[in-house]
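Here is a short report for a reader who is new to this structure. Please look over the sequence and the model first.

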Amino acid sequence: HIENAMSRPLELAGPPAYTLHRSMVVIVIMNSALGLFGYMRYGDRCAGSVSLNLPQDNRLSEVIKIMIALGILLTYGLQLTVTTDLAWQGLRGKLVGSKGEDADSGDDEESSPRLTTYYYCMRFILIFGTIMVAVAVPDIGPLVSLVGSVGFSLLGLVVPVAMETVWYWSDEDDGGQEQDGCDGGTATTPARYEPLVRGNLCRRIVRHVKNLVLLVFATVALVGGAFYNIRDILARAAGDLAAPPV
C-alpha cells in the first residue's frame, strides 16, 4: 500500500533511500530494547504488557501509561489501513453496481458523499470489531500470542516459501530465467552451455533445500506455537492458571 502511494516506489526497499530497511531497523531496536529492559527489571513477573508491571503510585508511571494510551488512540486506526483498502475494493464495486452505475465512472470517495459515508462506516465497524474482541476476551495475552505464532509462521515463512517454490519449480523456466540473468539477455555459446546448466542446477538444488528447511521450521513453529497457546488459553479459561502478578 505504501509502495503504491510513493512517487518513487522502488526506493521503498531499494537504493538510494532503503526506506523500509531503515524504518524496520529503528522499530526492531526500539522493541528489542523495551523487551530486554522490561525483562531485566521484572524477570518472570512480566505481564502481557510491561506497562502493567509499572507501579500504581508513581507519577512517572502514570505519565507513561497516559502516553501509551494516547499513542494507541491516535494510531490504532492506521493499523487497519491495508485491510480496509482490500475490503473496500470489493465492497465499493458492489455498492456502485447496486445503484446501476459503472464502478469506473469516477464515482469515488472524493466525488461521492454516499461512498465516503460507506467507507468510513466500514472502517469504523472493522476497528470497533477488534476493540470488542479485546473487551470480550478477559486475558488477551494468550490470544495475541496465538495469532502471532500462526500469522508469523504462515505469512512470514510458509507463504513466501510456497510462492518461490512454485515460481521456480519448472526446470525449463528456472534455467531460462537464470540463464538470461547470467548472460544479460545474450545468446549462450555451446562452449559455455554445460557450466551454465550445472550452475543453474546447483542453484536450484540449494534453493529447494533452503525452502524445505524453512518449511520444516515454519511447520514446527506453527504446530508448537498453536498447541501451547491453545493449551494456555484453555487452562486460563478453566481457572487452572493464576493471573500474572502485577
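The report goes from the whole chain to single helices and one residue.

This is a predicted model, in which local features need pLDDT of at least 70, side-chain atom pairs count only at pLDDT 80 or more, and totals for chains, interfaces and linings use all residues. Residues are numbered from 1 along each chain as its sequence is written, and side-chain values use heavy atoms, leaving out hydrogens and water.

**Confidence**

The pLDDT is the predictor's confidence in each residue, from 0 to 100. The protein chain averages 76, and 78% of the residues score at least 70. Residues 101-110 have a pLDDT below 50, with 17 contacts in the model beyond near neighbours in sequence. Residues 172-189 also fall below 50, and this stretch has 22 such contacts. A contact means heavy atoms within 4.5 Å. Where pLDDT is low, the predicted coordinates should not be read in detail.

**The whole chain**

The protein chain has eight helices and zero strands. Helices (H or I, at least four residues) and strands (E, at least two) are DSSP runs, numbered from the N terminus. Of the 246 residues, 20% count as buried. Buried means under 20% relative accessible area, exposed over 50%, and partly exposed in between (1.4 Å probe, protein chains only). Among contacts between residues at least 6 apart in sequence, 49% join residues at least 24 apart.

**Spans from the record**

An unreviewed UniProt entry lists residues 20-42, 63-82, 117-136, 143-163 and 212-230 as "transmembrane region". Such annotations may be inferred rather than shown by experiment. The table describes two of the listed spans in the model.

| Span | Helix | Strand | Distance between end C-alpha atoms |
|---|---|---|---|
| Residues 20-42 | 100% | 0% | 33 Å |
| Residues 117-136 | 100% | 0% | 28 Å |

**Helix α6**

Helix α6 covers residues 140-167. Its 28 residues should span 40 Å at 1.5 Å a residue, and its end C-alpha atoms are 38 Å apart, which agrees. The expected span is 1.5 Å times one less than the number of residues. A kink of about 30 degrees lies at Val158, shortly before Pro160. The bend is the angle between axes fitted to the seven residues ending there and the seven starting there. The buried residues of α6 are Pro142, Leu146, Ser149, Ser153, Leu157, Val161 and Thr165. An α-helix has 3.6 residues a turn, so residues three or four places apart point the same way.

**Thr84**

Thr84 sits in helix α4 (residues 81-98). Is Thr84 buried or exposed? Thr84 counts as buried because its relative accessibility is 0%. Leaving aside neighbours within four places in sequence, Thr84 is in contact with Tyr119, Met122, Arg123 and Leu126.
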